[in-house]
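Thank you all for coming; I would like to walk you through one structure this morning, and I will try to keep to what can be read from the coordinates. Please have the sequence and the model open as we go.

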Amino acid sequence: MPHTPRRTLLQALGASPLGLVLPAAADQPATQGATRTFVLVHGMFGGGWVWRVVAPMLRRLGHEVHTPTLTGLGERSHLLSAQITIDTHIEDICNVLDTNDLTNVTLVAHSYGGMVATGVADRRRARLRRLIYLDALLPRDGETGFDLLPPGMADLRRRA
């Protein structure tokens, strides 16, 4: 059964202005019914495959969709090492934007992906049009993912 927030996202894509329209892209008009470019960022315990229902639906609507898997996770788990940090994951997504020369992007982040998307928005604001946090961590400047978790959960994750 599809996760309800993703279903809600699809229903809202039609005419609703979702998320935050970023200032750097404010001068780029969005026309009704125009195709969009989406980069969908998964959470900590997933991979690009978590969007396997959403991505084809968006593509059928004519949109360009990228669903990268963050280094060390999902099918890239063989790359897991102690050197991987949030900066690695931010660079993963920045590299998708740069390598594919993507502009006017709607960046959608789920769960831990919100931490990543916030860093991407800081580093590649000019490439983004809209930033959507879908049931995601939304940090303030200087906050870590642990700062946003309930105290007991943060302690469990630190011990793990």
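Let me begin with a term: a residue is called exposed when its relative accessible area is over 50%, buried when it is under 20%, and partly exposed in between. Please also keep in mind that what you are looking at is a predicted model.

With that cut-off in hand, take Asp135, which lies in strand 5; because its relative accessibility is 52%, Asp135 counts as exposed. Its backbone deserves a remark too, since Asp135 has a positive phi of about 50° although it is not a glycine. As background, most residues other than glycine have a negative phi. Asn104, in the loop between helix 3 and strand 4, also has a positive phi, near 55°, and is likewise a residue other than glycine. Asn104 has a relative accessible area of 27%, so it is classed as partly exposed.

Now to the overall arrangement. The protein has six helices and five strands, and read from the N terminus the order is α-β-β-α-β-α-β-α-β-α-α. Of its 160 residues, 42% count as buried, and about 9,000 Å² of the protein is exposed, with carbon and sulfur atoms supplying 55% of that area. If we consider contacts between residues at least 6 apart in sequence, 68% of them join residues at least 24 apart.

Next, the interior. In soluble globular proteins, nonpolar side chains tend to be buried together. Here the largest nonpolar core holds 22 residues, and those touching the most other members are Val39, Ile93, Leu107, Val116 and Val120. Two or more residues of this core come from each of strand 2 (37–41), helix 3 (86–99), strand 4 (105–111), helix 4 (113–124) and strand 5 (128–136). Apart from this core there is another, of eleven residues, including Val50, Val54, Ala55 and Ile132. Coming back to Val120, and setting aside residues up to four places away in sequence, we find that it touches Ile90, Ile93, Cys94, Leu97, Leu107, Arg125 and Leu128.

What about His42: is it buried or exposed? His42 sits in the loop between strand 2 and helix 2, and because its relative accessibility is 0%, it counts as buried. Leaving out neighbours within four places in sequence, His42 is in contact with several residues, among them Trp51, Pro68, Leu73 and His110. His42 and Pro68 are 26 residues apart in sequence, with their C-alpha atoms 8.2 Å apart in space.

Leu61 offers a contrasting case. It is found in the loop between helix 2 (54–60) and strand 3 (64–66), and at 57% relative accessibility Leu61 counts as exposed. Its C-alpha atom is separated by 9.8 Å from that of Ala34, a residue 27 places away along the chain.

Finally, the largest pocket, whose volume is about 1,100 Å³. Which residues lie nearest its centre? They are Met44, Tyr112, Met115, Leu137 and Arg157, out of 40 that line the pocket. By class, the lining is made up of 18 nonpolar, 14 polar and eight charged residues. At least two lining residues are supplied by each of helix 3, strand 4, helix 4, helix 5 (145–148) and helix 6 (151–159), and helix 3 gives the largest share, four residues.

Methods:
Residues are numbered from 1 along each chain as its sequence is written. This is a predicted model: local features need pLDDT of at least 70, side-chain atom pairs count only at pLDDT 80 or more; totals for chains, interfaces and linings use all residues. Side-chain values use heavy atoms; hydrogens and water are left out. Buried means under 20% relative accessible area, exposed over 50%, partly exposed in between (1.4 Å probe, protein chains only). Contact means heavy atoms within 4.5 Å. Accessible areas come from the Shrake-Rupley method with a 1.4 Å probe; for residues, only the protein chains shown count as cover. A nonpolar core is a set of buried Ala, Val, Leu, Ile, Met, Phe, Trp, Tyr and Cys residues joined through side-chain atoms within 4.5 Å. On a 1 Å grid over the protein atoms alone, a cavity is a set of points where a 1.4 Å probe fits but cannot get out, and a pocket is an open set with protein on both sides within 12 Å along at least five of seven lines; lining residues have an atom within 4 Å of a point. Grid points are joined across faces, edges and corners, and a volume is the space filled by probe spheres set on the points. Ala, Val, Leu, Ile, Met, Phe, Trp, Tyr, Cys and Pro count as nonpolar, Asp, Glu, Lys and Arg as charged, and the others, Gly among them, as polar.
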